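Me: Please go through the backbone geometry and the domain arrangement of the structure shown here.

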Amino acid sequence: MLQRLPKQVDNSLPSLNLAAKYKLTDSGYAIVFLGPTLMLLVAFVFYPMLKTLYMSFFLTNDFGKTTAFVGLSNYVSLITSSSYLSSLGATLVFVLAVSILTVVLGVALAVTANQELKGIRLFRTLFSATMGVSVSVAAIFWLFAFNPSVGVFAQLSQALHLPVVNWLTDPKSAMVAIIISTVWMNLGFTFLIIFGALQSVPKSLYEAADIVGISKLTQLFKVTIPMISGTLFFVMIVTLIEAFKSFGLIDMMTEGGPDNATNLLVYRIYQDAFINGNFAQGSTESILLTIIIAIFTLIQFKFLGKRVHY
Amino acid sequence: MQLVTNDHVSKPSSARRLKKIGQYAFLIVLMLIVVSPFLLGFWTSFLPTSQISKGALWGKLSLANYWAAFTTTPILRYLFNSIVIASLTTVAQVVFCSMSAYAFVFLKFKGRKFLFYAFLATMMLPFEAEVIPNFMTVKSMGLLNHFAVMVVPFMATAFGTFMLRQSFLQIPKELKEAADIEGLNHWQFYYRITLPYSRISIVTLAAYSFLTSWNQYLWPMLTTFSDNFRPVQDGLRQLQSSETFNNWGMIQASACIVVIPTLIVLFIGQHYFKAGLNEGSVK
Amino acid sequence: MKQHRIIGLLGLLLVFVLIVSGCAIGHASATATAPREKIVFWHEMTGPAADQLKKFATQFNASQKKYQIVPEFEGTYNEAVQKILQTHGTSASPAIFQSMDVSTSELYHAKVATPMQHFIDKDHYNMNQIAAVPRAFYSQGGKQISMPFNTSQPVLYYNTSLLKRLGIKAPAKDPSYSDITAVAKQIQAKSKGKVNGMTVEEYGWLFEQFMANSNEHMANNENGRQGVPTAVNFDQPGAKKAMQWIQTNVKNKDIINFGSGSTAETNEMAAFLAGKLGIFMQSSADIGNLTSGMKDKLGICYFPHADGQKANGVSIGGASLWIGNDKSKSVQQGAWEFAKFLVNAKNQAIWEKITGYMAINKQAAKEPILKNLFAKQPMVAVPGEQLARTKPNTANSGIFMEDVVQERTLTQTAMQQVYNNGNIGKALKTATDSMNAAIKNNNKASGLTK
Amino acid sequence: MAIELHDVTKTYADSDYPVLSDINMTVNDGEFFVIVGPSGCGKSTLLRMIAGLISISSGKLIINDQLANEMPPKDRKLSMVFQSYALYPFMSVFENVAFGLKSRKIDKQEINNRVKEALSLVDLQTLADRKPRSLSGGQRQRVALARAIASDASFCLMDEPLSNLDAQLRAKMRMELKVLQRKLGLTVIYVTHDQVEAMTMADCVLVLQNHKVQQLDTPLNIYQHPKNEFVASFFGTPQINLLGADYGHHELVVNGSFRVPIAYPLKSGQYTIGIRPNEVEVTVNDRNANARVTEVSYLGNETVILADLLESADELRLVLRNQIDVKNADFINVKTVNQFFVFDQNGGLITTAGAKEEVTADAATIA
């Protein structure tokens with residue numbers, strides 16, 4: 001990717017002194033231009049990562065100070081802990097469900113919004129509306145909707161004489177509730193991206209398909225989706241990574257419960273470190289989370305790298 | 001979808017109308033799915049809590065909940081805090097990220113390649129996994145419970161740098177050459193050419209960082225302890241958890257107060273966002 | 001022209017401000033306009049209790065000119081403990097804070113607070129006016145660590161009016177598990193399923209009370225009163241009996257599950273207030289909320305005990321007041337003044353009336369506010385009676401252990417499994433093992449044991 | 001005002017081979033100097049070295065008797081017009097032209113005057129407030145030109161400034177540019193891959209290929225006396241016909257029916273003969289036909305014919321002044337008139353300048 005840089009400054013140094021002077025100013029500029037960002041990243045990204053790694057090999061006291069070196073035992077006890085493993089499993093279920101549902105619904109919204117109809121702009125705007133909703137607001141809306149006594153779902157099932165589901169207190173339905181809320185929050189962003197990709201599909205492809213008499217549904221699966229598959233993959237990975245980092249909705253809606261059913265990885269880190277005061281365990285979990293996210297980010301990079309060259 | 005119109009011409013009008021009704025019906029169903037949580041929240045924010053807690057979704061509409069939110073909760077203070085924090089973060093991020101992106105595109109220096117990959121690598125490290133040492137860092141810096149604690153760690157991001165770098169690479173190299181001939185130094189080229197040339201990406205990054213900062217939840221929850229600094233996300237959390245009474249009307253009103261500004265920003269800036277997001281995210 | 005004038009005026013103002021502030025600095029020691037000392041007060045109270053605390057702060061600020069109390073709500077008890085520990089020594093830390101019963105050991109060992117005894121001795125404050133049980137709870141080695149403040153008892157609430165409407169006899173004052181089951185079953189049946197019989201929140205505190213009431217020590221070394229606890233055991237007959245009771249009732253749909261955490265509390269209360277729930281167990285601190293929000297008549301009885309077994313009595317809940325040791329002497333003095341203010345007889349009487357927490361100042365009972373209250377609503381006196389008949393022993397005086405927060409999370413999870421028809425013994429065993437591992441680690445990490 | 005290059009060589013850091021080697025040239029004051037060559041020959045690199053945008057690996061660049069190898073671009077007192085025009089899209093036409101002047105902290109009134117003057121010279125006064133986006137390609141080109149004019153530069157570098165225009169506009173702009181250059185007395189170094197531009201505009205042409213200077217001369221000389229096969233084939237449309245031939249008995253033999261007599265003494269061996277398409281005479285349906293027509297296009301005042309030589313099947317490009325009646329598959333007789341070139345076998349250096357001996361050429365037809 002670097003090869004694409006303009007070549008106005010070149011390395012083949014003539015032996016003249018002036019040349020050296022010229023270079024120096026470029027490096028000088030680099031220090032000024034890059035310095036602040038570099039310092040911030042070192043202080044708040046690189047250093048903490050190393051510190052987290054360091055702490056994961058120790059026990060910590062109430063104030064988060066490392067006290068006793070324990071080697072890998074934090075990792076061993078974590079990986080063998082059934083509760084951590086079930087958290088991990090829950091997270092995977094959550095993350096997969098969220099990213100698949102988000103993309104499927106995003107495609108549905110985008111395809112529907114990609115018709116030329118009167119007033120379609122209004123619909124497009126409304127479809128993207130959840131982008132403007134922050135975590136806590138979404139949490140409040142959904143908390144109300146899922147409330148077992150006054151919530152809409154409860155009232156609906158009562159009206160239909162169905163058993164009232166205790167959305168946020170039953171382990172299975174709590175997960176479903178969190179997934180629904182998260183998907184809803186992601187929808188606006190996903191819609192915008194997929195819609196943008198749809199709009200860049202050349203109209204002539206559809207015209208050609210229409211002339212041959214291919215149905216709209218076939219066009220969707222044989223033309224539209226292959227054409228935007230790159231974008232779909234991108235959105236999927238981004239959603240996946242973001243889903244791994246879910247925190248706010250869980251904190252406000254279930255606090256990780258019931259029975260740890262929604263105690264996803266990040267919430268666990270928070271609980272272990274900032275509620276139970278066990279910073280070493282929180283650090284160990286952080287490292288594992290980092291490894292998982294790094295893998296998906298690498299996949300994303302691979303994809304990005306491909307796109308960049310176009 | 002030009003052909004849809006062509007179809008219309010050739011088909012009888014009743015079938016055409018039927019198809020149109022179908023299309024609209026589908027649109028409206030989808031819209032309701034997306035919008036109903038809003039509508040529900042918005043509607044209940046006007047209802048008296050006594051009605052809501054009975055499970056009724058009707059009653060005398062009034063602004064009483066809003067009045068209560070404004071007068072009995074620090075919701076306005078939370079909003080103010082969030083605006084301050086998000087604005088400062090946005091400005092800092094645009095400045096620092098554009099500067100470092102500039103360095104990666106227009107400056108040749110030793111270790112550039114290495115640094116760039118190091119930057120990229122930071123995108124693999126989730127902030128959520130680094131809160132523990134970061135908390136300790138800001139604590140030792142004496143930043144706890146200040147605006148600074150929510151701004152300083154986010155003043156520069158690898159993502160922003162990467163995004164702007166991609167955008168700066170689109171600047172024709174002739175512009176830089178022309179500027180070299182005019183005798184512009186790097187500062188001048190950065191400030192007078194690069195920034196205005198890439199303003200769509202800059203605006204996109206600004207919007208992105210504003211929203212990201214606005215949506216911060218975990219970090220302010222750990223680092224703010226007073227309503228004077230608490231941003232709106234954690235403010236709402238406080239309100240929700242301190243209302244043992246389930247004062248749903250007022251909570252919904254507070255949520256609406258919080259969501260309306262961002263919705264307005266979103267609707268106004270939608271065009272920009274669309275272009276920018278696609279540009280920024282896919283490329 | 002206009003602009004120039006405005007700039008000119010601003011300039012004048014600036015000069016004026018400079019002169020005034022210059023004078024103020026010059027006379028700072030002489031004049032009484034010295035700024036008030038800011039005393040940040042962290043609390044975890046919600047609803048009416050939070051409003052009342054704010055009122056107390058305002059009243060205290062108006063009563064004197066030296067200090068200004070700034071109350072800040074810090075979320076749940078659990079969150080607050082870590083916030084206190086983690087901000088200690090920074091400018092963000094509070095001068096005086098409320099911290100829950102079970103954090104006592106941890107805060108004590110972390111040495112973040114100036115022992116209350118220090119101020120008591122200096123001020124010759126009469127501690128005898130404070131009730132003995134809470135006083136003992138927050139002492140160590142005969143010295144007061146913190147000032148008892150909001151003190152509650154777990155009790156059982158029921159809707160008297162609802163029972164009357166359905167023609168059901170109210171439960172006994174000191175009920176057994178099956179007494180309660182009987183009432184819940186009738187509610188369920190007679191309302192034709194429209195009203196849920198009862199709920200027991202998935203809450204570690206309630207789990208502790210089941211054990212306390214069964215006279216079981218959760219932690220060794222007599223719940224830590226005889227030395228640092230090194231192990232716990234949740235898997236004891238009393239605890240099992242209670243869990244069995246819950247699980248059977250859940251199966252029979254006599255217990256409805258509202259889950260855990262603050263959401264569960266708000267939800268169960270909302271349902272109770274809306275007449276959709278007949279019975280629930282909660283802290284006596286909710287009396288304030290319930291009486292002010294309820295049209296129906298409220299009924300209160302003791303925490304239930306196992307059938308055929310005498311109640312050992314339950315421990316207190318709630319929190320105490322601590323004064324941070326990282327603030328200046330004058331700030332600490334202000335904090336002490338405020339602590340005294342909060343526990344004086346009149347304010348404790350108001351506190352009990354508004355919140356349902358029991359007044360810990362013995363003189364409070366003589367206050368007309370409380371006299372009137374008990375006359376009008378005799379059931380409000382029930383928690384006090386429960387406490388009064390309890391003979392303190394190490395099983396019912398709380399657990400003096402560092403990791404109670406974690407214990408509650410673990411027992412809460414165990415309760416959730418019980419609710420969801422999990423194997424009781426297995427759930428309790430798992431929780432016990434996790435807790436023991438945590439204790440071992442923690443004791444090692446904190447240097448409490450080798 | 002002169003620019004001299006002495007043995008200038010450029011090697012990029014990431015490559016072992018020079019992109020330019022041993023360039024020697026002199027640009028005189030007021031000259032329209034064209035650097036021409038196929039794409040990739042290094043002409044843009046050369047221009048950028050003169051501008052100071054690229055460093056020089058070895059050799060000397062002298063501007064006004066001053067060694068300028070390390071002089072920053074802005075001190076070289078030059079202006080530059082880019083192929084893409086390099087207009088700042090967010091600035092109006094006026095601002096674009098004024099931008100460089102502003103950065104030199106020139107007096108505001110002075111800037112105003114100079115920009116206005118420059119814009120009027122390129123006929124853009126009325127569009128001063130427009131953004132580049134709303135201008136046509138030709139207009140943009142003129143803005144770039146105005147920018148160069150407005151600067152106080154003593155010479156102007158142009159990097160294929162017309163290549164993004166359509167054919168008609170390009171022809172028109174060629175004229176305008178030349179007129180403007182004369183009027184202002186500008187020294188211009190102009191890079192192009194288009195030999196027509198080089199021929200029509202240049203006072204002096206530098207032909208670059210293969211990282212080397214092929215020829216440095218006036219356009220006429222380059223056309224008439226190309227130093228090698230490459231130069232000969234690069235200039236002139238349609239392209240010169242290059243045919244392999246054997247020398248013997250005072251004639252160059254392409255094949256049995258196509259022979260070119262030559263007075264110049266050559267060693268016997270293989271040569272390449274270069275015949276400009278218009279330097280021929282064609283007879284249709286001749287008994288002595290030596291080629292067969294494969295394509296005929298009438299361009300109004302002239303006729304272009306493609307024909308295959310009989311026997312050898314070499315293709316010939318022929319241009320005839322007058323309209324003649326010829327169609328596909330006609331047999332024709334082709335013979336040289338006026339001038340042709342002979343190149344030696346290796347590398348194609350000219351060993352012989354074109355034969356002016358009309359007699360000999362005539363003689364060829366006899367054979």
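Reply: Domain bounds here come from an automatic or database domain assignment. The model is predicted. Chain A is divided into domain 1 (2-55) and domain 2 (75-307). The C-alpha centres of these two domains of chain A lie 38 Å apart.

Me: Which three residues supply 81% of the area that domain 1 of chain A buries against domain 2 of chain A?

Reply: Domain 1 and domain 2 of chain A bury about 450 Å² between them, and 77% of that area is on carbon and sulfur atoms. On the side of domain 1 of chain A that touches domain 2, three residues are nonpolar, one is polar and none is charged. The three residues that supply 81% of the area buried by domain 1 of chain A, more than any other three, are A:M49, A:T52 and A:M55.

Me: How many salt bridges are counted between domain 1 and domain 2 of chain A?

Reply: A salt bridge requires a side-chain nitrogen of Lys or Arg within 4 Å of a carboxyl oxygen of Asp or Glu. The side of domain 1 of chain A that touches domain 2 has no charged residues. The count between the two domains of chain A is zero.

Me: Is C:K111 buried or exposed?

Reply: C:K111 lies in the loop between α4 (104-110) and β4 (113-114) of chain C, and its phi is near 55°. Exposed means over 50% relative accessible area. Because its relative accessibility is 60%, C:K111 counts as exposed.

Me: What is omega of the cis peptide bond that joins D:T237 and D:P238?

Reply: Most peptide bonds are trans. D:P238 lies in the loop between α8 (229-234) and β11 (241-248) of chain D. The cis bond from D:T237 to D:P238 has an omega of about -20°.

Conventions. Residues are numbered from 1 along each chain as its sequence is written. Chains are lettered from A and ligands numbered from 1 in the order in which they are written. This is a predicted model: local features need pLDDT of at least 70, side-chain atom pairs count only at pLDDT 80 or more; totals for chains, interfaces and linings use all residues. Side-chain values use heavy atoms; hydrogens and water are left out. Helices (H or I, at least four residues) and strands (E, at least two) are DSSP runs, numbered from the N terminus. Buried means under 20% relative accessible area, exposed over 50%, partly exposed in between (1.4 Å probe, protein chains only). Buried area is the accessible area (1.4 Å probe) that two parts lose on being put together, summed over both. Ala, Val, Leu, Ile, Met, Phe, Trp, Tyr, Cys and Pro count as nonpolar, Asp, Glu, Lys and Arg as charged, and the others, Gly among them, as polar.
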